Structures are given as structure tokens and as C-alpha cells.
Amino acid sequence: TIEQTQRLRDLQEAPDSPEDLARIPSLGRADLNPCIKSTPEEVLSLEETPVHYHDLFTNGIVYCDVGFDLLRLPVSLLPMVPLFGRCLLEMDTRYEDFVSLSNRIGKTTGGIGTSPMVSPTVGGGDPAAWLFLRGKATATQAAAMLDIFRDVLLETDFSDRDRFRQIVLEEKAGFEAAIVPGGTGVADTRMRAGYSAAGWYNEQFKGVSQL
């Protein structure tokens with residue numbers, strides 16, 4: 001009824017009593033752990049390549065990141081990095097077409113992707129700039145995930161010009177569609193490119209220069 005609805009509204013809008021407010025739990029400084037929580041890390045070596053192993057509880061999921069140092073690339077090739085990352089997972093390999101590859105990734109893993117990462121360094125020197133191939137899978141499918149890593153890194157066929165053109169046009173359309181609604185971020189990325197090496201690298205991958 002109208003009366004019941006009004007009564008419910010009045011009860012909802014009424015301020016809480018001091019007694020009720022006193023029952024709400026609250027934290028003080030003494031309740032907070034002053035120590036920084038650190039991630040366990042063990043640095044191993046695999047044929048002179050450093051491997052950073054983190055022994056964490058992941059409920060049976062294996063996460064694997066393979067990084068490639070982009071500072072080794074000629075500057076002229078940096079704008080190609082995002083396209084190269086897409087091609088690794090969206091073009092044919094010597095063993096299968098990209099549709100079959102996509103199905104294999106979907107059936108055996110929780111997803112595989114690529115992404116460039118740029119971070120400034122202490123002292124303002126060269127930034128850390130990496131291209132990561134990232135994947136996750138259950139422990140029983142970890143070997144299958146690494147097989148996919150091997151195939152896309154060593155056996156990708158870049159000769160299909162029509163497929164590459166399709167990827168380029170999709171990237172271009174995505175950037176153009178994002179510029180207006182994300183204009184503030186685009187402008188911010190462009191301005192940061194003039195203040196640090198990390199900002200410049202990031203703009204090459206994600207800004208107007210990439211478009």
C-alpha cells in the first residue's frame with residue numbers, strides 16, 4: 001500500500017542512531033600490517049636466459065610470460081611491434097592455419113595474448129621496454145601451452161599478404177574509433193612522449209604515432 005511504501009522510505013532515509021553506528025567495525029593503525037607484502041621469486045637460468053619463477057597459489061593454473069627486450073630493436077621497427085604481436089597469434093604457421101591455431105588455443109589454454117610493456121627506470125635512463133607473450137593454462141595443459149608458444153614464435157608464416165592487410169585494417173579501424181571517445185588519453189599520451197623516453201616508446205605503441 002501507499003502507507004507501507006512511505007513507511008519503508010522513511011525507515012530507509014532515517015539517520016542511524018549513535019548506538020547503531022557504534023556497532024560498525026572499524027580499523028585502526030594497529031590493525032594494519034606495516035610490512036610490505038612481497039612476491040616470492042626465484043631467479044633461474046635456462047641456456048643463459050633468466051627465468052623468474054614465482055611460487056604462488058594459483059588454484060592449479062600455470063601463468064607463463066615470455067618477454068623480448070625491445071631496446072634491441074632498431075627505432076624504425078618499433079611502430080611494427082603491436083602488429084607483429086597480433087600476427088604471431090592471428091596468422092598461419094607452418095603446421096596449421098590461423099583458424100585451427102585459434103581453436104587449439106581455445107581448447108587447451110585459458111588464453112594467449114601479446115602486449116608491449118614500457119616502464120621508466122630510476123635515474124631517467126633507457127626505459128624498460130618489452131614485448132610479452134602471455135598465456136595461462138591448467139597444470140595438465142601447461143606443456144600444450146608451451147608447444148603453442150614454440151609454434152607461434154618459430155613457425156609463423158608471414159607471407160600471407162591478404163591476411164596481414166586485414167589485420168592492419170582492423171587495427172586502423174580500432175584506433176580511429178577510439179580517438180574521439182578517448183581523446184583526453186590520446187592527448188595525454190602524446191604530451192608524455194615529449195618528457196621521457198618511456199613516454200616516447202609508449203606513444204609509438206599506443207598513440208597517434210601508431211595510427
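This section describes helix packing, nonpolar cores and selected residues in a predicted model.

Helices α4 and α5 form one packed pair. Helix α4 covers residues 98-108, and helix α5 covers residues 142-154. Their axes lie 10 Å apart, at an angle of about 155 degrees. Helix α4 is therefore roughly antiparallel to α5, because angles over 145 degrees count as roughly antiparallel. The crossing of the two helices is left-handed. On the α4 side, the contact is made by L101, R104, I105 and T108. On the α5 side, A144, D147, I148, D151 and V152 take part. By class, the residues of this α4 and α5 contact are five nonpolar, one polar and three charged.

I148 of α5 belongs to this contact. Its neighbours within four places in sequence aside, I148 is in contact with L101, R104, I105, T108, T109 and I112. Among these partners, L101, R104, I105 and T108 are the α4 residues that meet α5.

I148 is also part of the largest nonpolar core. That core has 11 residues. Its members are C64, L89, L101, I105, I112, L133, A137, M145, I148, F149 and V152. At least two residues each come from α4, from β5 (128-138) and from α5. Helix α5 gives the largest share, four residues. Another core lies apart from this one and has nine residues. L70, A129, L131 and Y201 are among them.

L101, I105, I148 and V152 link the two descriptions. These residues appear in the contact of α4 with α5, and they are listed in the largest nonpolar core.

A second packed pair is formed by α3 and α6. Helix α3 spans residues 81-90, and helix α6 spans residues 161-179. The axes come within 11 Å and cross at roughly 130 degrees. The two helices are therefore oblique to each other. Their crossing is right-handed. Helix α3 contributes L83, R86, C87 and E90 to the contact. Helix α6 contributes R163, F164, I167, V168, E170 and E171. By class, this contact of α3 with α6 holds five nonpolar residues, no polar residues and five charged residues.

V168 is one of the α6 residues in that contact. V168 is partly exposed, with a relative accessible area of 28%. This class applies because the value falls between the cut-offs of 20% for buried and 50% for exposed. The C-alpha atom of V168 is separated by 61 Å from that of A22. These two residues are 146 places apart along the chain.

F84 lies in helix α3. F84 is partly exposed too, as its relative accessible area is 38%. Residues up to four places away in sequence aside, F84 touches L131 and F158. F84 and L131 are 47 residues apart along the chain, and their C-alpha atoms are separated by 9.8 Å. L131 is one of the residues of the nine-residue core.

The third pair consists of helix α7 (residues 183-192) and helix α8 (residues 197-206). The axes are 7 Å apart, and the angle is about 135 degrees. Helix α7 is therefore oblique to α8. T189, R190 and R192 of α7 meet G199, W200, N202 and E203 of α8. This contact of α7 with α8 has one nonpolar, three polar and three charged residues.

Two loop residues have a positive phi without being glycine. One of them is E48, with phi near 70 degrees. E48 sits in the loop between β1 (42-46) and β2 (49-53). E48 is exposed, with a relative accessible area of 77%. The other is N59, with phi of about 60 degrees. N59 is placed in the loop between β2 and β3 (61-69). N59 is exposed as well, and its relative accessible area is 62%. Both residues count as exposed because their values, 77% for E48 and 62% for N59, are over 50%.

Note on methods: Residues are numbered from 1 along each chain as its sequence is written. This is a predicted model: local features need pLDDT of at least 70, side-chain atom pairs count only at pLDDT 80 or more; totals for chains, interfaces and linings use all residues. Side-chain values use heavy atoms; hydrogens and water are left out. Buried means under 20% relative accessible area, exposed over 50%, partly exposed in between (1.4 Å probe, protein chains only). Axes are lines fitted to C-alpha atoms, for helices over the stretch in contact, and angles run from 0 to 180 degrees between N-to-C directions. Angles under 35 degrees count as roughly parallel, over 145 as roughly antiparallel, 65 to 115 as roughly perpendicular and the rest as oblique. A crossing is left-handed if the near helix is turned anticlockwise from the far one by less than a right angle, and right-handed if clockwise. Contact means heavy atoms within 4.5 Å. Ala, Val, Leu, Ile, Met, Phe, Trp, Tyr, Cys and Pro count as nonpolar, Asp, Glu, Lys and Arg as charged, and the others, Gly among them, as polar. A nonpolar core is a set of buried Ala, Val, Leu, Ile, Met, Phe, Trp, Tyr and Cys residues joined through side-chain atoms within 4.5 Å.
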